[in-house]
Amino acid sequence: MTRSRPPYVRRKRKTSMKSDYGVLIDKLRVGREIIVCGHINPDPDCIGAMLALDRAFSGESRGWRLVMDDAVPSYLDYLQGVERFITPDDLDIKPHTVLLVDCSEPERCGKWLPPLIEQYQPELFCLDHHLSNDFSGDAMVLETDAAASGEIVAVLIQKAGIEIDTAIATQLYTAIVGDTGCFRYTNTTPRTLRISADLLDKHIDAEQIIIRLFENHSLKNMQMIRVAFDNMQVEADGQLCYMVIDYQSKLNAGAGGSDCDNIVSNTLTLSGVKIGLLFDEHPDLVKVSMRCRNGYRVDQLAQRFGGGGHLLASGCRVKGSLEQVKDQVLTAARQLL
């Protein structure tokens, strides 16, 4: 299915406009009570980029609000400033300036944001690196060649002439490492590595970041990995691998939230697999995580179901039963192959 463009987003400019670093920097330098929003199911890049912007531009002292529909994953609680995040229910100011970070469409931040934008018509800004960016607003910084939004924030802070301290460096390094799979993914560029090397000079604890992001599994997460492997299927001559985590198994283990994160990557470790999927069942929908090898584009697959993301790593949330969603998504994945 295709998405219709929401009616609440103003159309002063088009997605093809150039990256307005100067415009965004000017707004961040003086803007008060800016609402900074991240996408649902936030990842290290989204969280790290938001926190780095907030600290670098003294957001707390000027009444900024960091708003997230979902809770910050517990494995990111080492980042300075995580207590700054609030839920939409706790939002206590009228939105006159909204900045979308690591996403481009207000509905990607949750159902709460589009009505606010429709009602108050705030200035709308965007900082993103996703190719599927479909932003229409006042100004944006879009760098699709950037490995992470954290990489863009590092450039933005540098252009603004702001000193990066250890806390900001930790936030940015977390963002970049998270979206590059510790520099293993093909989105890693020479600029990514140069920026990361500069961040390492700020005396960050890189080892603990790696442990937290990739090695510090909870028991419930390990149990969900077992469920996913027990329900693994391979088809299309070994090119398509998918895993399933059913809702009852999560209930039995008391698992939820981040306990099902980062499991989909296991599908690509099977030799010959080109596209990997994880179906994570919820009471009223199925969360589908997608990964693929070069030559395929799961961002296009995700967009067919109202989601988005990177060329090689995307996802979506689809209303319906597990069997219905599996059938729809697998059919589309076979066509992609």
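Here are a few worked exercises on the structure above, which is a predicted model.

**Exercise 1. Work out the strand order of the open sheet that holds S8, and say which strands sit at its edges.**

Step 1. Start with the overall layout: six strands form an open sheet with mixed pairing, in the order S7-S8-S9-S10-S12-S11.

Step 2. Now look for strands that pair on one side only; these are S7 and S11 (308-309), the edge strands.

Step 3. Check the S7 end. S7 (residues 233-235) runs antiparallel to S8, and three bridges join them. Glu 235 sits opposite Leu 240 in S8. The hairpin leaves four residues between the two strands, and Ala 236 takes a positive phi there, near 55°.

Step 4. Move one strand over. S8 pairs with S9 (residues 275-281) in the parallel sense, over six bridges, and Tyr 242 stands opposite Leu 277 in S9.

Step 5. Finish at the S11 end. Two bridges pair S11 with S12 (residues 313-319) in the antiparallel sense, with Gly 315 in S12 as the bridge partner of Gly 308.

**Exercise 2. Decide whether the faces of S8 are covered or open, and name helices that pack on the sheet.**

Step 1. Go through S8 (residues 240-245) residue by residue: six of its six residues are buried.

Step 2. Sort them by side. Leu 240, Tyr 242 and Val 244 are on one side, Cys 241, Met 243 and Ile 245 are on the other, and both faces are covered.

Step 3. Bring in the helices. H8 (residues 219-230) packs on the sheet and touches S8 and S9, with its direction at about 130° to that of S8. H11 (residues 322-336) lies across S7, S8, S9, S10 (285-292) and S12, and runs at about 170° to S9.

**Exercise 3. Is Asp 280 buried or exposed, and what does its side chain contact?**

Step 1. Place the residue: Asp 280 belongs to strand S9.

Step 2. Apply the cut-off. Buried means under 20% relative accessible area, and Asp 280 has 5% relative accessibility, so it counts as buried.

Step 3. Look for a polar partner. The Asp 280 side chain makes a polar contact with the side chain of His 282, at 3.3 Å.

Step 4. Leave aside neighbours within four places in sequence, and the contacts of Asp 280 are Ile 245, Lys 250, Cys 260, Leu 285, Val 286 and Lys 287.

**Exercise 4. Contrast how H1 and H4 are buried, then describe how H4 packs against H5.**

Step 1. In H1 (residues 21-30), the buried set is Tyr 21, Leu 24, Ile 25, Lys 27 and Leu 28. Viewed down the axis, the buried residues of H1 fall within an arc of 165°, so they line one face. Asp 26 and Val 30 are exposed on the other side of H1.

Step 2. The general rule helps here: an α-helix has 3.6 residues a turn, so residues three or four places apart point the same way.

Step 3. Turn to H4. Nine of its 11 residues are buried, so H4 is largely enclosed by the rest of the structure. Its cover includes H1, H2, S5, S6, H5 and H6 (190-200).

Step 4. Pair up the helices. H4 (residues 149-159) and H5 (residues 166-180) pack at about 145°, their axes 8 Å apart. Gly 150, Glu 151, Val 153, Ala 154 and Ile 157 in H4 meet Ile 168, Leu 172, Ala 175 and Ile 176 in H5. By class, that contact has seven nonpolar residues, one polar and one charged.

Terms used: Residues are numbered from 1 along each chain as its sequence is written. This is a predicted model: local features need pLDDT of at least 70, side-chain atom pairs count only at pLDDT 80 or more; totals for chains, interfaces and linings use all residues. Side-chain values use heavy atoms; hydrogens and water are left out. Buried means under 20% relative accessible area, exposed over 50%, partly exposed in between (1.4 Å probe, protein chains only). Two strands pair if DSSP finds at least two bridges between them. A polar contact is a pair of N or O atoms within 3.5 Å; within protein, one must be able to donate a hydrogen and the other to accept it, and residues adjacent in sequence count only if both atoms are side-chain atoms. Contact means heavy atoms within 4.5 Å. Axes are lines fitted to C-alpha atoms, for helices over the stretch in contact, and angles run from 0 to 180 degrees between N-to-C directions. Ala, Val, Leu, Ile, Met, Phe, Trp, Tyr, Cys and Pro count as nonpolar, Asp, Glu, Lys and Arg as charged, and the others, Gly among them, as polar. The arc is that of the directions from the helix axis to the C-beta atoms.
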